[in-house]
Amino acid sequence: MLEDLKQQVYEANMELPREGLVTYTWGNVSGIDRSRELFVIKPSGVDYESLTPEQLVVVDLNGEKVEGDLNPSSDTPTHLELYRAFPEVGGIVHTHSPWATSWAQAAKGIPCYGTTHADYFYGEIPCARSLTPEEIDQNYETNTGLVIAETFMGKNPMYVPGVLCANHGPFSWGRNAGEAVHNAVVLEEVAKMAYRTEHLKKSVEAASQDLQDKHFFRKHGEHAYYGQ
Ligand SMILES: O=C(CO)[C@@H](O)[C@@H](O)COP(=O)(O)O
């Protein structure tokens with residue numbers, strides 16, 4: 001079932017090692033069919049070199065496996081909570097890409113220092129709060145998703161299509177799996193640039209709100225004019 005979605009999600013997964021965002025099996029991509037309320041996700045612990053579209057696992061919005069011989073990603077409950085919380089989201093990525101993970105391990109959000117960031121993320125890329133010992137002990141992956149949703153309470157997740165999980169790593173999303181990977185690549189580049197920016201100038205300030213508004217809204221929303 002969902003052969004086209006499986007192919008899309010497979011291609012999005014395969015972009016992660018190509019873009020240098022995953023080491024070994026440290027990441028996963030999913031994509032959802034909203035009309036059927038089913039999502040497709042990478043199987044857990046399967047090497048990218050041996051991954052095939054047929055191995056992808058289909059899961060429903062109750063978290064039940066609907067199709068697939070293999071166990072879905074161990075992060076499936078996090079993807080599930082994000083699909084529930086963010087109805088506009090069509091694809092989700094988790095990686096341990098080194099620059100974004102460094103910020104996550106420092107439990108620091110990434111300030112918007114320039115237009116590269118502002119073209120994709122409107123304002124700071126936040127770091128979600130640390131989980132409590134109880135939240136880690138019971139339903140850890142579900143709670144990871146709930147804490148991300150909590151971080152975006154009252155905010156538009158399509159304006160900031162990514163987050164850092166404290167002491168863990170980044171999640172990003174988009175309208176589909178391919179866009180979610182695109183945003184994961186940008187998040188990693190922006191994390192690298194922000195780190196270097198802070199090292200070049202200790203008391204660096206965020207880019208002006210005018211510049212952030214200009215760059216985000218020239219690419220997003222009804223007055224966008226970037227591209228064809
Ligand atoms: O976060 C982690 C491990 O810390 C996992 O996301 C990562 O290893 C990928 O797990 P899966 O192979 O998708 O189960």
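## A walk through the sheet, its helices and its core

Let's start in the sheet: strands β5 (residues 91-95) and β8 (residues 169-174) run antiparallel and are joined by four bridges. Within that pairing, Val-93 has Ser-172 of β8 as its bridge partner. What you are looking at is a predicted model, and the predictor's confidence in the protein chain is a mean pLDDT of 97, with 100% of the residues at 70 or more. The model's scores are ipTM 0.96 and pTM 0.96.

Now step back a little. The protein chain has eight helices and eight strands. How are the strands ordered in the open sheet? Reading across, you meet β4-β3-β2-β1-β5-β8-β7-β6, eight strands with mixed pairing. At the edges sit β4 (65-67) and β6 (127-128), each of which pairs on one side only.

Follow the sheet towards the β4 edge. Strand β2 is joined to β3 (residues 57-60) by four bridges, and the two run antiparallel. Here Leu-38 stands opposite Asp-60 of β3. Moving on, β3 pairs with β4, again in the antiparallel sense, over two bridges, and Val-58 stands opposite Glu-67 in β4. The hairpin made by β3 and β4 has four residues between its strands, and Gly-63 takes a positive phi near 85° there.

Two other residues have a positive phi even though they aren't glycines. One is Glu-37, at about 55°, which you'll find in the loop between β1 and β2. Is Glu-37 buried or exposed? Glu-37 is exposed, because 11 other C-beta atoms lie within 10 Å, and a residue with 12 or fewer counts as exposed. Then there's Asn-139, with phi near 55°, in the loop between α5 (133-137) and α6 (140-151). Asn-139 has 14 other C-beta atoms within 10 Å, so this residue is partly exposed.

Next, the helices that lie against the sheet. Helix α1 (residues 3-18) lies across β1 (27-33), β2 (38-41) and β5, and runs at about 155° to β1. Helix α3 (residues 98-105) also packs on the sheet, where it touches β6, β7 (162-165) and β8; its direction makes about 120° with that of β8.

And what about the inside? In soluble globular proteins, nonpolar side chains tend to be buried together. In this model, the largest nonpolar core has 53 residues, and Val-9, Val-29, Leu-164, Ala-180 and Val-181 have the most contacts inside it. Helix α7 (residues 177-200) gives this core its largest share, nine residues.

Val-29 is a good place to see how the pieces meet. Leaving aside neighbours within four places in sequence, its contacts include Val-9, Ala-12 and Leu-16, as well as Gly-91 and Val-93, and also Ala-177, Ala-180 and Val-181. Across the protein chain, 63% of the contacts with a separation of 6 or more are between residues 24 or more positions apart.

Finally, the overall outline. The C-alpha atoms fill a box of roughly 50 × 45 × 35 Å along the principal axes. Of the 228 residues in the protein chain, 39% are buried. What radius of gyration would a compact globule with 228 residues have? The expected value is near 17 Å, and the protein chain has 17 Å, so the two agree.

Definitions and conventions:
Residues are numbered from 1 along each chain as its sequence is written. This is a predicted model: local features need pLDDT of at least 70, side-chain atom pairs count only at pLDDT 80 or more; totals for chains, interfaces and linings use all residues. A nonpolar core is a set of buried Ala, Val, Leu, Ile, Met, Phe, Trp, Tyr and Cys residues joined through C-beta atoms within 7 Å. A residue is buried if 20 or more other C-beta atoms lie within 10 Å of its own, exposed if 12 or fewer, and partly exposed in between; C-beta atoms are placed from the backbone. Two residues are in contact if their C-beta atoms, placed from the backbone, lie within 7 Å. pLDDT is the predictor's confidence in each residue, from 0 to 100. Two strands pair if DSSP finds at least two bridges between them. Axes are lines fitted to C-alpha atoms, for helices over the stretch in contact, and angles run from 0 to 180 degrees between N-to-C directions. The radius of gyration is taken over C-alpha atoms; the globule rule is 2.2 Å times the number of residues to the power 0.38.
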